[in-house]
Amino acid sequence: MKGDDARHETDNPPRRTFLVGETEIAARPLEPALYLVATPIGNLGDITLRALQTLAAADVLACEDTRVTRNLLSRYGIRQRPVSYHEHNAAEAGPGLIAAVAAGRSVALVSDAGTPLVSDPGYRLVGQAIDAGLRVVPIPGASAPLAALTASGLPSDAFLFAGFLPVRDGQRRQRLEALKAVPATLIFFESPRRLDEALAAMAQVLGDRPAVIGRELTKTFEEFRRGGLAELAAHYASVEAPKGEVVICVGPPAEEAPEADDIDRLLISLASEMPASKAAAEAARLTGQPKPGLYRRLLDLKGEAGGA
């Protein structure tokens with residue numbers, strides 16, 4: 001009987017398809033590799049066609065929680081049997097996944113939500129694949145830090161994702177001190193239960209910077225709350241802990257205006273290499289100060305030098 005069952009499964013392999021609306025689409029075979037597949041962070045519509053193709057076609061699908069991943073697979077009619085890969089079994093499950101790729105199979109890795117390796121153990125698996133000389137393929141898509149950043153209104157030309165802060169207050173403040181001088185918008189994940197404490201520590205260590213709390217991103221009750229860190233800390237200390245996933249975006253440190261003596265030295269140095277007008281323009285670019293004022297100051301400096 002077992003032999004008959006095995007022969008039947010071989011003769012009729014599962015169909016590799018997925019649904020877009022009511023249209024069933026055949027998934028093309030994948031080359032052997034470890035595929036890092038981003039999945040929705042809330043709204044199941046936020047998934048790419050390439051991600052669906054990869055999930056449907058993969059020989060092995062590894063995920064944090066099989067129940068969560070099955071919901072996504074069911075939504076798109078994907079017939080896969082996911083296997084578990086999470087922080088508690090990574091040491092045992094990882095080698096088997098690497099062996100599968102080495103044997104010529106395709107392995108797709110997903111997290112419960114968002115992009116794999118962002119605050120989950122997937123980086124270990126990627127490191128093992130690289131050490132084994134295997135191909136690693138990113139399948140980009142939804143990401144909670146980027147979703148929060150783009151809607152925050154805070155500077156996005158430079159940002160640092162800092163993950164979760166330590167739970168203990170002393171360690172939390174030590175970590176914030178290390179981040180205090182980073183000239184970029186800071187992005188954190190935080191537990192709703194510790195949100196008020198984390199914001200209070202940020203206000204004390206980082207200063208009362210502008211910040212934005214993103215909650216339940218892409219979901220029905222999506223919310224953004226903006227304000228200074230101290231104001232936000234006071235708000236969340238006065239209400240019940242919010243529900244859902246939370247992302248904190250904190251603005252970069254304020255730029256200190258250059259000292260007048262430093263500007264004078266810069267103007268004199270530039271004026272020794274180029275005409276006054278060009279020197280003033282370059283000083284304006286470097287300091288953010290208006291060119292007309294710098295030009296007048298340079299003429300004054302030249303007059304002082306001539307008088308001396």
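This is a short tour of the structure, stop by stop, with something to select at each one. Keep in mind that you are looking at a predicted model.

**Stop 1: strand S6 and its partners**

Select residues 106-109, which make up strand S6. Turn on the side chains and look at both faces: Ser106 and Ala108 sit on one side, Val107 and Leu109 on the other, and all four are buried. Now add residues 33-37, strand S3, which runs parallel to S6 and is joined to it by 4 bridges. Within that pairing, find Leu34 and you'll see Val107 of S6 opposite. Next add residues 60-63 for strand S4, also parallel to S6, this time with 3 bridges. Here Leu61 has Ala108 of S6 as its bridge partner.

**Stop 2: helix H2**

Move to residues 49-57, helix H2. Is this helix largely enclosed or largely open? Buried here means under 20% relative accessible area, and 7 of the 9 residues of H2 pass that test, so the helix is largely enclosed by the rest of the structure. The buried ones to colour are Ala51, Leu52, Gln53, Thr54, Leu55, Ala56 and Ala57.

**Stop 3: the five-stranded sheet**

Time for an open sheet of 5 strands, with mixed pairing and the order S8-S9-S12-S10-S11. Select 159-164 for S8 and 223-228 for S11 to see the edges; each has a single partner strand, so one side of each is left without a neighbour in the sheet. Look along the sheet and you can follow the twist, which averages 20° from one strand to the next.

For a closer look at one pairing, pick residues 210-215 (S10) and 246-250 (S12): they are antiparallel, with 5 bridges. One pair to label is Arg215 and its bridge partner in S12, Val246.

Then bring in residues 229-237, helix H9, which lies across S10, S11 and S12. Relative to S11, H9 runs at about 125°.

**Stop 4: the largest pocket**

Which residues lie nearest the centre of the largest pocket? Select Ala113, Ala144, Phe164, Phe189 and Glu245 and you have them, out of 25 lining residues. Helix H6 (144-152), strand S9 (185-190) and S12 are the elements that give two or more residues to this lining. The volume of the pocket is about 590 Å³. If you colour the lining by residue type, expect a mix: 10 nonpolar, 8 polar and 7 charged.

Technical notes:
Residues are numbered from 1 along each chain as its sequence is written. This is a predicted model: local features need pLDDT of at least 70, side-chain atom pairs count only at pLDDT 80 or more; totals for chains, interfaces and linings use all residues. Side-chain values use heavy atoms; hydrogens and water are left out. Buried means under 20% relative accessible area, exposed over 50%, partly exposed in between (1.4 Å probe, protein chains only). Two strands pair if DSSP finds at least two bridges between them. Axes are lines fitted to C-alpha atoms, for helices over the stretch in contact, and angles run from 0 to 180 degrees between N-to-C directions. Contact means heavy atoms within 4.5 Å. On a 1 Å grid over the protein atoms alone, a cavity is a set of points where a 1.4 Å probe fits but cannot get out, and a pocket is an open set with protein on both sides within 12 Å along at least five of seven lines; lining residues have an atom within 4 Å of a point. Grid points are joined across faces, edges and corners, and a volume is the space filled by probe spheres set on the points. Ala, Val, Leu, Ile, Met, Phe, Trp, Tyr, Cys and Pro count as nonpolar, Asp, Glu, Lys and Arg as charged, and the others, Gly among them, as polar.
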